[in-house]
Amino acid sequence: MLNGEKILRQFRLATSMAVISGIYLLVTLYYNLDVFEEFGRAFSAFLHVVEPYEGDEVIPVLVLLGFGYVGDLLRQRRQVRYEQEISAQRLAATQVMMGSVQDVVNNFLNNMQLFRFEAERTGALGGADLQHFDDLIAQTARKLKEIEAKQS
């Protein structure tokens, strides 16, 4: 995505207010409208200063741009909060899932221990096989403890 497109998407409301402001300026200048003549009595001192420079046409433009910018900032803040909430929910779901996986694997290891004791009692496996079996159980238990330590 081009940088300009990114800025336009980020400041949609401000961009639309800029377009509306541009249209307003063109219409007031083309038709020589004086919007503030109607409201001039309230702002007479201020308007007498800015009128010679056509500054009264700029005031609504600045107000519209301000509304657009503030609206965009509020929308962006809401979007960031929403994304943070989604990330927190995903993290919580992952932690719950990891806990469940650890429970399942721990149950499996406990059952394998029972299987080992039964195999040792009946002599179904030789000494080297039992040692290899013990090594696999110890290695799996160590990996589970490492995962648990990383979560904490």
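Buried here means under 20% relative accessible area, exposed means over 50%, and partly exposed is what falls in between. Keep that handy for the exercises below, and bear in mind that the model is predicted.

**Exercise 1. Work out which class Arg 75 and Asp 72 each fall into, and how their side chains meet.**

Step 1. Start with Arg 75: its relative accessibility is 26%, so it counts as partly exposed.

Step 2. Now take Asp 72, which has a relative accessible area of 0% and is therefore buried.

Step 3. Check the pairing: the two side chains, Arg 75 and Asp 72, form a salt bridge at 3.5 Å, N to O.

Step 4. Place the pair: both residues sit in helix H4, three residues apart, or about one turn of the helix.

Step 5. Look at what else surrounds Asp 72. Setting aside neighbours within four places in sequence, Asp 72 is in contact with Gln 10, Phe 11, Arg 12, Leu 13 and Ala 14.

**Exercise 2. Find the other salt bridge partners, Arg 142 and Glu 146, and classify both.**

Step 1. The count of salt bridges comes to two. Arg 142 and Glu 146 make one of them, with their side chains meeting at 3.6 Å, N to O.

Step 2. Arg 142 and Glu 146 are four residues apart in helix H5, so about one helical turn separates them.

Step 3. Arg 142, at 45% relative accessibility, is partly exposed. Glu 146 is partly exposed too, at 41%.

**Exercise 3. Compare the span of H4 with the expected one, then see what follows the helix.**

Step 1. H4 has 65 residues, and the expected span at 1.5 Å a residue is 96 Å.

Step 2. From first C-alpha to last, H4 reaches 95 Å, which is close to that expectation.

Step 3. Step just past the end of H4 and you hit Gly 123, with a positive phi of about 75°.

**Exercise 4. Which residues make up the largest nonpolar core, and which helix gives the largest share?**

Step 1. List the five members: Leu 109, Met 112, Phe 133, Ile 137 and Leu 144.

Step 2. Helix H4 (58-122) and helix H5 (127-151) each give two or more residues to this core. The largest share, three residues, is from H5.

Step 3. Zoom in on Leu 144. Not counting residues up to four places away in sequence, Leu 144 touches Gln 102, Val 105, Asn 106 and Leu 109.

**Exercise 5. Is Tyr 30 buried or exposed, and what surface patch does Tyr 30 belong to?**

Step 1. Tyr 30 lies in helix H2 (residues 12-30). Its relative accessible area is 66%, so Tyr 30 is exposed.

Step 2. Tyr 30 joins Val 19, Ile 23, Val 27 and Tyr 31 in a nonpolar surface patch, with about 560 Å² of accessible area together.

Methods. Residues numbered from 1 in each chain as written. Predicted model: local features only at pLDDT ≥ 70, side-chain atom pairs only at ≥ 80, totals over all residues. Heavy atoms only, no water. Patch = residues over 30% accessible without salt bridge, like charges linked within 9 Å, V, L, I, M, F, W, Y side chains within 5 Å. Areas by Shrake-Rupley, 256 points an atom, 1.4 Å probe, with all protein chains shown as cover. Salt bridge = Lys/Arg side-chain N within 4 Å of Asp/Glu carboxyl O. Buried < 20%, exposed > 50% of the residue type's maximum accessible area, 1.4 Å probe, protein only. Core = buried A, V, L, I, M, F, W, Y, C linked by side-chain atoms within 4.5 Å. Contact = heavy atoms within 4.5 Å. Expected span 1.5 Å × (residues − 1).
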